[in-house]
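Trainee: I would be grateful for a close look at one part of this model, the open sheet towards the end of the chain. Please describe how it is built and then relate it to the rest of the chain.

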Amino acid sequence: MTEGTDRPDGFEEHEGGEGTQERVEPAEREEKERRKKEHETSHEGKARGPAGPEGGDSDVGDVRGTGDRGLGAGSAGDSGGPDGFTAAGQPSRIPPPRSSVEDAGPPLPAPAPLVLEHRVLKSLLGAWALAACSGEETAAVEEHLGECGACADEALRLRGAVGLLHPPESLDLDPALRTRVLENCLDRRPPRIPVPEWAAPYDAETARLDALLQDIADAEWHAPVRLRWFEDDGPVSRRTTVAGVIAHLLSVDGLVGVALGLDDPLGGTAARVRAEAEATAARGTDLPAPEAATPTGRTEAYWRASHFPPTRAVRGPWREQSHHLVRTVAFAGGGSGQLAVSYGGFALPLRDSMLDRAFECWVHAGDIADAVDYPYEPPAPRHLHRMIDLAARMLPVSLAERRRAGRAAPTGRHLVAAGAPGRSLRLEIEGAGGGEWLIPLDSPAAVASADHEVAHVALDGVEFCRLAAGHVSPEEAAAGQVGDREAIRDVLFAAASLSRM
């Protein structure tokens with residue numbers, strides 16, 4: 001039986017003996033209950049600790065009076081149950097851990113917006129224009145610009161000044177960067193075996209095209225490309241892909257490789273072409289050489305021999321062949337420039353053939369760049385000048401062929417002896433790589449003379465190259481013309497007739 005159990009008859013039972021009873025008067029009983037409550041209140045206050053600054057309980061438990069007895073119930077060694085009470089029913093001296101905001105689920109409170117004075121915001125405009133403000137400062141400044149017209153005008157002026165200090169730059173490398181680096185290196189240490197000057201344009205243009213091919217994606221190798229040229233006084237085109245264009249360059253460059261003793265990229269197809277040419281010659285007919293012996297025929301034969309349409313795998317053989325051509329002409333020396341390279345219906349010296357291949361490489365690189373929407377610049381001015389010079393030197397032969405075919409005005413009374421001066425046209429090429437050339441009109445063997453000049457034509461250098469590549473018709477070529485209209489027309493059409501696939 002517990003201590004102080006109340007009984008209805010006014011007696012209380014106490015421990016100390018069974019049946020021991022004591023009579024308690026009501027007034028005395030009330031006094032005992034008052035003292036008992038005061039004792040419990042005092043004990044609870046000690047367990048809960050002193051009051052905090054707000055009148056609540058302090059988190060620090062009262063451990064006074066423990067002496068050497070150690071920590072008892074409700075001490076730092078007993079944190080109590082989950083409800084904050086010990087096993088003995090007394091309040092815990094150390095409160096239970098409180099849950100954090102992250103664990104409880106509610107979102108963190110949003111940071112208060114930064115409120116700044118007008119003068120402070122105005123002083124931040126320079127840092128804002130340079131993108132040097134913090135996130136809060138940027139938000140405050142931009143909100144202020146929507147309300148203050150003076151600061152908005154100042155911000156626009158500062159942004160414009162920043163644009164002048166940091167002009168936008170293209171991510172593409174400067175096309176002349178490779179040339180400048182090589183020139184700087186060669187000035188310091190010239191190569192043991194230099195590349196002939198007439199082979200340098202081919203070396204540069206193949207390197208530029210290879211850089212373009214390195215940047216395009218796999219799917220872009222199958223982008224449609226339309227090859228265009230001029231034939232029989234009219235435009236001609238052939239549809240292929242980016243990979244097909246590289247296969248075309250590979251097969252035609254092989255003509256130079258064969259002249260230098262290198263392997264023909266057509267392989268067995270080339271042997272079959274030669275057999276057809278020999279059979280045609282044995283029959284003694286007046287038929288021209290097989291079409292497969294020309295650059296166009298070699299390309300068609302290469303495309304037909306492929307079991308599948310060309311893919312990016314053609315880039316490796318083409319680039320390896322271009323390296324072989326440059327190395328071979330470098331080891332052969334400058335004297336190899338007179339070696340003849342056959343194009344089926346005509347032949348060119350090796351030095352001119354390398355320029356021709358550089359010109360076609362640049363033209364078809366432009367076709368590829370247009371197909372994949374990639375910027376592409378013209379060649380270096382000194383290389384462009386050499387290409388224009390080759391086309392100008394070939395104009396008298398092209399003009400004579402057109403005259404024999406009945407597509408140009410006959411010479412009539414203007415016949416001159418070989419080596420004698422005759423009528424001439426002054427071709428003025430403007431822009432980088434330009435110059436002036438006198439074109440003999442009456443015969444390829446005639447000597448051009450300024451005293452016999454009958455016409456003057458002026459074209460931009462790139463426009464003239466586009467005309468010679470068959471990418472623009474003679475009627476559409478932007479040319480300044482003075483003098484004999486018939487002679488000017490014949491020369492412009494002769495320039496377009498230089499083009500081929």
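Mentor: The account below begins with the sheet and then moves outward to the cores, the salt bridges and a hairpin.

The model is a predicted one. The sheet in question is open and has 4 strands, in the order β9-β8-β10-β11, with mixed pairing. Its edges are formed by β9 (435-440) and β11 (480-483), each of which pairs on one side only. From one strand to the next, the twist averages 25°.

Within this sheet, strand β8 (residues 421-430) and strand β10 (residues 447-460) are paired in the parallel sense, over 9 bridges. One position on β8 can be located by its partner: Leu427 stands opposite Val457 in β10. Two helices accompany these strands. Helix α15 (residues 461-468) packs on the sheet and touches β8 and β10, and its direction makes about 100° with that of β10. Helix α16 (residues 485-496) lies across β8, β10 and β11, and it runs at about 135° to β11. In a regular strand, side chains alternate between the two faces of the sheet.

The sheet is also tied to the loop that precedes α16. The side chains of Asp484 and Arg423 meet in a salt bridge, with 3.6 Å from N to O. This pair links distant parts of the chain, since Asp484 is in the loop between β11 and α16 while Arg423 is in strand β8, 61 residues apart. The two partners fall into separate accessibility classes: Asp484 is partly exposed because its relative accessible area is 28%, whereas Arg423 counts as buried because its relative accessibility is 18%, and the limit for buried is under 20%.

Leu427 leads from the sheet into the interior. The largest nonpolar core has 82 residues, and those that touch the most other members are Leu209, Leu213, Val242, Ile246, Leu427 and Leu459. Leu427 belongs to β8, whose residues are 421-430, and Leu459 falls within β10, residues 447-460. Another of these core residues, Leu213, touches Trp221, Val242, Ile246, Arg312, Arg315, Trp318 and Ile368, not counting residues up to four places away in sequence. There is also a second, separate core of 14 residues, which includes Leu121, Leu124, Ala129 and Cys148.

Arg315, a contact of Leu213, also takes part in a charged pair. Arg315 forms a salt bridge with Asp210, and the closest N and O atoms are 2.9 Å apart. Here too the pair links distant parts of the chain, with Arg315 in helix α12 and Asp210 in helix α8 (residues 200-215), 105 residues apart. Both Arg315 and Asp210 are buried.

A contrasting pair lies within a single helix. The side chains of Asp389 and Arg393 meet in a salt bridge of 2.9 Å, N to O. Asp389 and Arg393 are separated by about one helical turn, because they are 4 residues apart in helix α14 (residues 381-404). Asp389 is partly exposed, with a relative accessible area of 22%, and Arg393 also counts as partly exposed, at 40%. In total the structure holds 22 salt bridges.

Helix α12 leads on to a buried polar residue. Ser336 is found in the loop between α12 (315-332) and β6 (340-342). Ser336 counts as buried because its relative accessible area is 13%, with under 20% as the limit. Leaving aside neighbours within four places in sequence, Ser336 is in contact with Trp198, Val329 and Leu350.

For comparison with the parallel pair in the sheet, strand β4 (residues 224-231) and strand β5 (residues 234-241) run antiparallel and are joined by 8 bridges. Arg228 has Ser237 in β5 as its bridge partner. The hairpin of β4 and β5 has 2 residues between the strands, and Asp232 takes a positive phi near 55° there.

As for the setting of all these parts, the protein chain contains 16 helices and 11 strands. Buried residues make up 37% of its 501 residues. Among contacts between residues at least 6 apart in sequence, 63% join residues at least 24 apart. The accessible surface of the protein chain comes to about 29,200 Å², and 54% of that belongs to carbon and sulfur atoms.

Key:
Residues are numbered from 1 along each chain as its sequence is written. This is a predicted model: local features need pLDDT of at least 70, side-chain atom pairs count only at pLDDT 80 or more; totals for chains, interfaces and linings use all residues. Side-chain values use heavy atoms; hydrogens and water are left out. Two strands pair if DSSP finds at least two bridges between them. Axes are lines fitted to C-alpha atoms, for helices over the stretch in contact, and angles run from 0 to 180 degrees between N-to-C directions. Contact means heavy atoms within 4.5 Å. Buried means under 20% relative accessible area, exposed over 50%, partly exposed in between (1.4 Å probe, protein chains only). Accessible areas come from the Shrake-Rupley method with a 1.4 Å probe; for residues, only the protein chains shown count as cover. A nonpolar core is a set of buried Ala, Val, Leu, Ile, Met, Phe, Trp, Tyr and Cys residues joined through side-chain atoms within 4.5 Å. A salt bridge is a side-chain nitrogen of Lys or Arg within 4 Å of a carboxyl oxygen of Asp or Glu.
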